Number of protein chains: 2
Amino acid sequence: MISPDELYEVIRVALTVNGAAAEKAEIQAANLVEGELRGHASHGIRRLRVLIERMRKGLIDPNVEPDLKWIAPAVLRVDGKRGFGPVVAQRAIDEAVARAEETGIALAAISNSSHIGMLAPYVESIAKRGQAALLLTTSEALVHAWGGRRATVGTNPIGIGVPSQGEPLVLDMSTASVSMGKVIDYAATGRALPDGWAVDAFGHPTSDGRAAVDGGAISPFGGPKGYALGIALEALVGVLTATAFGTHVVGTLDTELPATKGDLLICVSLERLGLQGMLPLLEQYFDEVRQTGVAAPVDIPGDRARRARGAHLTNGIRVDREVWTRALAYAEGSLAHD
Amino acid sequence: MISPDELYEVIRVALTVNGAAAEKAEIQAANLVEGELRGHASHGIRRLRVLIERMRKGLIDPNVEPDLKWIAPAVLRVDGKRGFGPVVAQRAIDEAVARAEETGIALAAISNSSHIGMLAPYVESIAKRGQAALLLTTSEALVHAWGGRRATVGTNPIGIGVPSQGEPLVLDMSTASVSMGKVIDYAATGRALPDGWAVDAFGHPTSDGRAAVDGGAISPFGGPKGYALGIALEALVGVLTATAFGTHVVGTLDTELPATKGDLLICVSLERLGLQGMLPLLEQYFDEVRQTGVAAPVDIPGDRARRARGAHLTNGIRVDREVWTRALAYAEGSLAHD
């Protein structure tokens, strides 16, 4: 088990050794640690290799300042200029949150920015600043359309934060039934995929992980509704951020291509709208729902990640040995020519 | 089969006979006909009885003007004052769309308004005016929390409209796995419920429709993710419209209580943001997705309802005999003291 502080420090140094300025490296490192803390290793230190390879190839420019422009009174256009996703997102959030205190609602449309990481930390932080937040991001096409073959839709996650009197509601979920990482794990070990996870190259449901990976696709969550939601979010983000759609979204998983996805943030100030009186009522509602649990209290979105975060802060984080060894080497500069 | 024109005329007259002014009756009647045209009888003429009963009891005031106030530059607060849902929504939409042409994005938060009907016609009309739209509405608690017993979450539908070069994307889906109407139908005929539709009073999955109706609840679509999305939308709408949560949402299915749900609209002007160039790219993406169909072209959200609408316009609409007889009686004034 590795302590969160050590994890953070190794990532921070690895990014710095590879050319990132202190402040930018700190934000990006904290982002990966948050992925680990919340129990999503796929958004954690595992991403360090791709980040550093992309930095070395100029696909990420870690020290650039994003270009922010208010193109309408309540709409901010952000050109990330190939910067770190979390750095660009944080700048956009700070601007949009401040503007929403005047206009009530504000939108930030981000393009040309690197992988943003988990959505939860962003919407949670906005909710803790007293604003409701909706955060969307497009991603590589890995999901098939309902009734279709081949991957044409991203895993397009949706993030929602709503302030409450206690802890905010924090939703962060992909519109896919499962992550491609998990399907690859199943394929590697030959385990049968559960029903509803994937289709083969012919668009037929399959339990064979290799068939899913080789020309197949993962399935949307919840059948046709999950597909409909996923493609609606893809359309919304792509149009409003003027970025790519479907198979044209590249550059967050690979180490070869500029990132073409978009990030979309909408935030609404409760204070500006005089809505703080709603917070105790929402908390009361959450408590009513929690108490309906059959075996244990029901989770409100955010509860589970909060528990995982607490446990990881106390007990440390389990990191894959190979991933950790590589991270240490990056931090020591000995993987300078990997 | 009844022609859409005849259906509209009977509803319009029924509302007028019962006290609605011509213009308001026309909007409400057109809304119910749209439900039928798109193949959702649950949002069609079947709702006329509840509407008229609510009008007679003063729970709907058909001729009142909603109170609209811009409480921030981009946020409109709408007090529906017990008016017809579609009438209030249309006023709010017209104001918000016009404002978004200036501010880029605008939000309308509606309270104290009657049932809004299907979301699709609204977001489609906004998309056809060149704006992206997100429309949410809360509804009576009919859905259980994941891992919970009893209904504590609404069926909380989500509506999204995105302009394209051809027909817009139009998403309108409930976050429940099935409608309560369908569960009641199954219960009445003794058919077994499919897996995933409902739980009994103890929170255990059940195939017994009566167990679902008697103290049980319908299930969210897509398992824990559908629940998380549904409660996130409930929190978002409830807080931002300052309306009720969970079991405190009443007044759209019953004929006894004032409506306590909220409607939330966000619209974004593509023209204001210089994004019209994205429309052919989105259309191209939709065509790419359609062509991945295994047996037939894949549907983009909105396609199926568009086909249903075309067929119903040509062939007419099948209406339950009892519902139709009652509507005719309302229109003739012979059910004045029903």
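1. Let's start with the fold of one chain. Chain A has 11 helices and 11 strands. Its radius of gyration is 20 Å, close to the 20 Å that the globule rule gives for 338 residues, so chain A is as compact as a globular protein of that length. Keep in mind as you read on that this is a predicted model.

2. A few overall figures for chain A help to set the scene. The C-alpha trace spans about 55 × 45 × 45 Å along its principal axes, and 59% of the 338 residues count as buried. If you take the contacts between residues at least 6 apart in sequence, 64% of them join residues at least 24 apart.

3. Now for the two copies. A turn of 180° with a shift of 0.0 Å along the axis lays chain A on chain B, with an RMSD of 0.0 Å. The two copies are thus related as by a two-fold rotation axis. In chain A, the residue that comes closest to that axis is A:G222, with its C-alpha at 1.8 Å. Both copies use the same surface, as 100% of the contact residues of chain A recur in chain B.

4. What does the interface look like? On each side 58 residues take part: 58 of chain A are in contact with 58 of chain B. Several elements of chain A each supply at least two residues to the side that touches chain B, among them β1 (67-72), β3 (105-111), α8 (224-241) and α9 (278-290). The largest share, 11 residues, comes from α8(A). Sorted by class, this side of chain A has 41 nonpolar, 12 polar and 5 charged residues.

5. On to the nonpolar core. As a general point, nonpolar side chains tend to be buried together in soluble globular proteins. Here the largest nonpolar core has 225 residues, and the members that touch the most others are A:I11, A:L236 and B:L236. For a closer look, take A:I11: not counting residues up to four places away in sequence, A:I11 touches A:A29, A:L32, A:V33, A:I45, A:L48 and A:A327.

6. Strand β11 of chain B deserves a look of its own. This strand covers residues 262-269, and 8 of its 8 residues are buried, so β11(B) is largely enclosed by the rest of the structure. In a regular strand, side chains alternate between the two faces of the sheet. In β11(B), B:G262, B:L264, B:I266 and B:V268 point one way, while B:D263, B:L265, B:C267 and B:S269 point the other way, and all are buried.

7. Which strands pair with β11(B)? One is β3 of chain B (residues 105-111), antiparallel to β11(B) over 7 bridges. Another is β4 of chain B (residues 131-137), also antiparallel to β11(B) over 7 bridges. B:C267 is a handy residue to find in the viewer: B:C267 is the bridge partner of B:A106 and also of B:A133.

8. Last, a glycine in a helix. B:G230 lies in α8 of chain B (residues 224-241). Is B:G230 buried or exposed? There are 27 other C-beta atoms within 10 Å, and 20 or more are enough for a residue to count as buried, so B:G230 is buried. Leaving aside neighbours within four places in sequence, B:G230 is in contact with B:V143, B:V153, B:N156, B:T175 and B:P220. B:G230 and B:S174 are 56 residues apart in sequence, and their C-alpha atoms are 8.5 Å apart in space.

How values were computed: Residues are numbered from 1 along each chain as its sequence is written. Chains are lettered from A and ligands numbered from 1 in the order in which they are written. This is a predicted model: local features need pLDDT of at least 70, side-chain atom pairs count only at pLDDT 80 or more; totals for chains, interfaces and linings use all residues. Helices (H or I, at least four residues) and strands (E, at least two) are DSSP runs, numbered from the N terminus. The radius of gyration is taken over C-alpha atoms; the globule rule is 2.2 Å times the number of residues to the power 0.38. A residue is buried if 20 or more other C-beta atoms lie within 10 Å of its own, exposed if 12 or fewer, and partly exposed in between; C-beta atoms are placed from the backbone. Two residues are in contact if their C-beta atoms, placed from the backbone, lie within 7 Å. Copies are superposed by least squares on the C-alpha atoms of residues with pLDDT of at least 70 in both. Ala, Val, Leu, Ile, Met, Phe, Trp, Tyr, Cys and Pro count as nonpolar, Asp, Glu, Lys and Arg as charged, and the others, Gly among them, as polar. A nonpolar core is a set of buried Ala, Val, Leu, Ile, Met, Phe, Trp, Tyr and Cys residues joined through C-beta atoms within 7 Å. Two strands pair if DSSP finds at least two bridges between them.
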